Amino acid sequence: MARGKFFQSVSKYFDRAASYSAAKPGMLRQVKTCNAVYRMRFPVREDNGEITVVEAFRAEHSFHRLPTKGGIRFSRRVSLDETIALAALMSYKCAIVGVPFGGAKGGIMVDPANLSLGFRERVTRRYTAELIRKNFIGPDIDVPAPDYGTSEREMGWIADTYKNLRMNEPHPYACVTGKPLGMQGIPGRKEATGLGVYYGIRTFMEQSEDMRGIGLEPGVAGKRIIVQGLGNVGYHAAYFLQKQGKALITGIIEQEGALHAKDGLDVEAVFKHRRDTGSLEGFAGAEFVAQGQSLLEADCDVLVPAALEDQITAENAPRIRARIVAEAANGPVDFDGQSILQERGILLLPDLYLNAGGVTVSYFEWLKNRAGVSFDRMFSRHEQLNKILIVETLESLTGKPVPEPIRKELVQGVSEKDMVIAALDQTMIHSYNQIHHVWKSRGLPDLRTAAFLLSIERIAESYAQHGIFP
Ligand code: NAD
């Protein structure tokens, strides 16, 4: 059976990076191989009483660390190969950002745009029950999260189903991340992937030498950015690029068309317009382009594909005019597409680094669920008292009172969200620096090869430490 294009691309990226590794062939095969898959078909009742048989998958790619971790995708084009490729990317992603998990992914073959709430819930709960039946879910086994077509709502149903079927589990909510806050979720998880995309782009753009190498001045401010996909990742990436980075979002591409505005779009207003009307069309102050995908080829500084895989291939790569392609989605640029972009001097920020913010914050949520206490509970008041002491000392030394609005800001205790976001920021900076070091010090062709090589070596080292390959 011919393997999917996405799967082939991930394999080729792996093989190219592995050719720079000193690890033995057997070890490389183990790092590359998907360790377990569960392919299932189950009946779900439609709202009209009819039965539909749903096909779904869960792939656990690597057991070098447990639990395995990865999102659950609702999409008509889900396949076993796609799920395995995404699970593999999760293993490499976790290794890059220092999250001690193996990689996994789930896919359910349904169209997320055409599901009633009731059907959605029944599918999600039944899928969870199937995973429990085969031991493919659990706080120490495999921990899902949101992905394309799913959100905190589905994660809440998974947690609830698990909790009720696993009565003796000490930390049942640690079986899934990306949950609603009221079900032991963590503040900041919803925006984590998109915010991480912004932090990753910002970190790269602060490198003066690398930026000048591609003909751009350092810094995010004023850069013209086009984003494909206004879902969880695309919306938050665009929002933070605009709000914090002061970039101009000159284009937003969705399934029904695109918006183009050379002076920049108000991302929040576009999002609300689409939510309220169901389409980008009719948004005031921007040109609506019915052939939305044509905007992928428009002139801009950064193109951020944040929808699905295989969006930039050998077919359209020769026409891409961005200076940087920032892979917010998983696998949006295929192997041949990347070769062409590279020949044309277009820099690529790879998915396995750039969208790792989601799994990073998921890790914090899992830790919090295991500990049974939120991160700020133990520190917040203590930190506030220390800050009050510093402000009072300052006042007594200067003989002047600190103005009230400044005092209020200075003496705040740290919130759980502040801690999560600072740790995410730090993770994206630190991981980029490590990939950059491998890229330059080992003379590798591009950042993706460097990111793959770094993760291959970390996973191989972990297997070796565990004595799997003594
Ligand atoms: P989502 O379902 O919230 O949003 C996806 C959006 O893309 C939707 O609005 C959809 O209409 C749009 N879309 C679909 N096809 C399109 C097309 N051809 N052109 C333009 N827009 C299109 O999904 P998401 O969670 O934002 O995930 C997007 C990508 O990011 C996926 O590749 C996913 O694997 C990856 N990702 C997600 C997370 C996460 O935390 N959610 C983490 C890491 C990676």
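A polar contact here is a pair of N or O atoms within 3.5 Å. Keep that cut-off in mind for the ligand, and note that what you're looking at is a predicted model.

**Around the ligand**

By that yardstick, Arg189 makes the list: an N or O atom of its side chain sits 3.4 Å from a ligand oxygen. Two other side chains also reach ligand oxygens, and the table puts the three together.

| Residue | Distance from a side-chain N or O atom to a ligand oxygen atom |
|---|---|
| Arg189 | 3.4 Å |
| Glu254 | 2.5 Å |
| Asn330 | 2.9 Å |

How much of the ligand's accessible area does the protein cover? On its own the ligand has 830 Å² of accessible area, and the protein covers 89% of that. As for who supplies the walls, α6 (189–205), α8 (232–243) and β7 (248–254) are the elements that give two or more residues to the shell.

In total, 23 residues surround the ligand, and the closest are Asp147, Gly149, Thr193, Glu254 and Gln255. Sorted by character, the shell comes out as nine nonpolar, 10 polar and four charged residues.

**Aromatic pairs**

Now for the rings. Searching the whole structure turns up 15 aromatic pairs. One of them joins Tyr38 and Phe136, with 5.5 Å between centres and 50° between planes, a tilted arrangement. Tyr38 belongs to strand β1 (residues 36–45), while Phe136 is in the loop between α4 (117–133) and β5 (142–146), so this pair ties together parts 98 residues apart in sequence.

Are these two rings' residues buried or exposed? Tyr38 has 9% relative accessibility and so counts as buried. Phe136, at 11%, counts as buried too.

Tyr92 and Phe452 make another pair: their ring centres are 5.3 Å apart and their planes meet at 50°, so this one is tilted as well. Here the link runs from helix α3 (residues 80–96), home of Tyr92, to helix α16 (residues 447–465), home of Phe452, so the parts tied together are 360 residues apart in sequence. Both residues are buried.

That pair has company. Tyr92 and Phe452 belong to a cluster linked by ring pairs, along with Tyr13, Phe14 and Phe335.

**Charges over rings**

Tyr13 from that cluster has a further partner: Arg448 lies over the face of its ring, 3.9 Å from the ring centre. Elsewhere, Lys440 lies over the face of Trp439, with 3.9 Å to the ring centre.

How values were computed. Residues are numbered from 1 along each chain as its sequence is written. This is a predicted model: local features need pLDDT of at least 70, side-chain atom pairs count only at pLDDT 80 or more; totals for chains, interfaces and linings use all residues. Side-chain values use heavy atoms; hydrogens and water are left out. Rings of Phe, Tyr and Trp (its six-membered ring) pair if their centres lie within 6.5 Å; planes under 30 degrees apart count as stacked, over 60 as edge-to-face and the rest as tilted. Helices (H or I, at least four residues) and strands (E, at least two) are DSSP runs, numbered from the N terminus. Buried means under 20% relative accessible area, exposed over 50%, partly exposed in between (1.4 Å probe, protein chains only). A charge sits over a ring if NZ of Lys or CZ of Arg is within 6 Å of the ring centre and within 35 degrees of the ring normal. A residue is near a molecule or strand if one of its heavy atoms lies within 4 Å of it. A polar contact is a pair of N or O atoms within 3.5 Å; within protein, one must be able to donate a hydrogen and the other to accept it, and residues adjacent in sequence count only if both atoms are side-chain atoms. Accessible areas come from the Shrake-Rupley method with a 1.4 Å probe; for residues, only the protein chains shown count as cover. Ala, Val, Leu, Ile, Met, Phe, Trp, Tyr, Cys and Pro count as nonpolar, Asp, Glu, Lys and Arg as charged, and the others, Gly among them, as polar.
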